[in-house]
Amino acid sequence: MQRRSTLAAAAAWIVGAAWVAGPASVQAQPAPRIAVTDLAYTPRVSEYFEAGTEQGSSHTRDTRWSSTTSEQYSSTYVAGRYSYIEQRQLYSFTNDIKGALLRGTVFRLVQGKAFDAGAPQPTKAEQALHQLQTGRMARPSRQPEVRDIIARIKKGEFNGADYVLFGAVSSVQFRDALSPLQGTSSATHQYGLDLLVDFSLIHTRTYEIKAAFSAQGAGNDTKILSNRGDIAPPNRAKVMRETSQSLAMSVYEQLVDQLGYSDPRLSRGVRPPPLSDGEPEPYPDQPPPPPPVTILR
């Protein structure tokens, strides 16, 4: 009888320790796997290009025969400025987000593939030159879009992930200001960064959006100059670090808050906040440690 009761208690602990699909369900399931993308960044880039058209003639005189040879030549010249959207990713500001999810949830994180921007496109000058030489307008092939997260999921960039936390930069601004201190010859040099990112948590099979929000990160470095003409380089690494950490905190807080409304099943994977003495509270669905198993021979 003692052997049967101890084995039953151990089996009950194993079932309870697994991440359960729903409050009323007893079917154990593994924790969801989430891929955190690098931040999509699509700046507008402008470039200058030129070609040309020139006509003229050259003359060559042969003194031996007292003759002159003329040659005609022509060329075409085109110049202008071309603007386009560049597809790229910021390979920063996401490690702290991953760390916040690892500390605050039981979700498993998987690494996705880097964004494939496709083959390099010919420049506008190369396209204009091709048109002048052949008389045909070059048609560049369609490039993948870094913001088209559905196409990237179908392409297999996030294989193994149940959800993708996709972020796209909507605003990035650097601040560099020099402010004199009243009544002194000193001044303050303020260097900062403000970053605004739009996030979505997307199911990789149904494309359902489980959370959507905007998160802001900011960093600042202030130096006091004894004389207004002094030069003190800003600590850019400190500014980047503060921006990344504040962005991660905003992402985690908003993601946890929205999961409580959109998907109670996912919200059960959030760890409780720590107690005042630094010890975390017991996870609501986590059973106590298993009792020792005694095998009677």
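Phe 174 counts as exposed, because its relative accessibility is 52% and the cut-off for exposed is over 50%. This residue is a starting point for a walk through the structure, which is a predicted model.

Phe 174 lies in strand 9, and Tyr 191, its partner in an aromatic pair, lies in strand 10. The two are 17 residues apart, and the pair links distant parts of the chain. Their ring centres are 6.2 Å apart and their planes stand at 35°, so the pair is tilted. Unlike the exposed Phe 174, Tyr 191 is buried, because its relative accessible area is 10% and buried means under 20%. Tyr 191 has a charged neighbour as well: Arg 236 lies over the face of its ring, at 5.1 Å from the ring centre.

The count of aromatic pairs in the model comes to two. The other pair joins Phe 199 and Phe 213, with 5.7 Å from centre to centre and 25° between the planes, and it is stacked. Phe 199 is in strand 10 and Phe 213 in strand 11, so this pair ties together parts that are 14 residues apart in sequence. Phe 199 counts as buried at 2% relative accessibility, and Phe 213 is buried too, with a relative accessible area of 7%.

Phe 199 leads into the interior. Leaving aside residues up to four places away in sequence, Phe 199 touches Leu 39, Ile 97, Leu 165, Phe 166, Gly 167, Ala 211, Ala 212, Phe 213, Ala 215, Leu 247 and Val 251. Several of these names return in the largest nonpolar core, which has 26 residues; the members that touch the most others are Leu 39, Ile 97, Leu 165, Phe 199, Leu 201, Leu 247 and Val 251. At least two residues of this core come from each of strand 3 (33-36), helix 2 (95-104), strand 9 (163-180), strand 10 (187-203), strand 11 (209-225) and helix 5 (236-262). There is also a second, separate core of twelve residues, including Ile 153, Phe 158, Phe 166 and Ile 202.

Strand 3 can be followed further through its pairing. With strand 8 (residues 108-110), strand 3 pairs in the parallel sense over three bridges. Here Arg 33 has Arg 108 in strand 8 as its bridge partner. Strand 3 also pairs with strand 9 in the parallel sense, over three bridges, and the bridge partner of Val 36 in strand 9 is Leu 165. Leu 165 was met above among the core members with the most contacts to other members.

Helix 5 is the next element to trace. Its 27 residues reach 38 Å from the first C-alpha to the last, close to the 39 Å expected at 1.5 Å a residue. The buried residues of helix 5 are Val 239, Thr 243, Ser 244, Leu 247, Ala 248, Ser 250, Val 251, Leu 255 and Leu 259. What covers them includes strand 4 (39-41), helix 2, strand 9, strand 10, strand 11 and helix 6 (264-267).

What is the relative accessible area of Thr 243? The value is 0%, so Thr 243 is buried. This residue of helix 5 touches Phe 93, Leu 193, Leu 195, Gly 217, Ala 218 and Gly 219, not counting residues up to four places away in sequence.

Terms used:
Residues numbered from 1 in each chain as written. Predicted model: local features only at pLDDT ≥ 70, side-chain atom pairs only at ≥ 80, totals over all residues. Heavy atoms only, no water. Core = buried A, V, L, I, M, F, W, Y, C linked by side-chain atoms within 4.5 Å. Buried < 20%, exposed > 50% of the residue type's maximum accessible area, 1.4 Å probe, protein only. Helix = DSSP H or I, 4+ residues; strand = E, 2+ residues; numbered from the N terminus. Contact = heavy atoms within 4.5 Å. Expected span 1.5 Å × (residues − 1). Pairing = 2+ DSSP bridges. Phe/Tyr/Trp six-rings, centres within 6.5 Å; stacked < 30°, edge-to-face > 60°. Lys NZ or Arg CZ within 6 Å of the ring centre and 35° of its normal.
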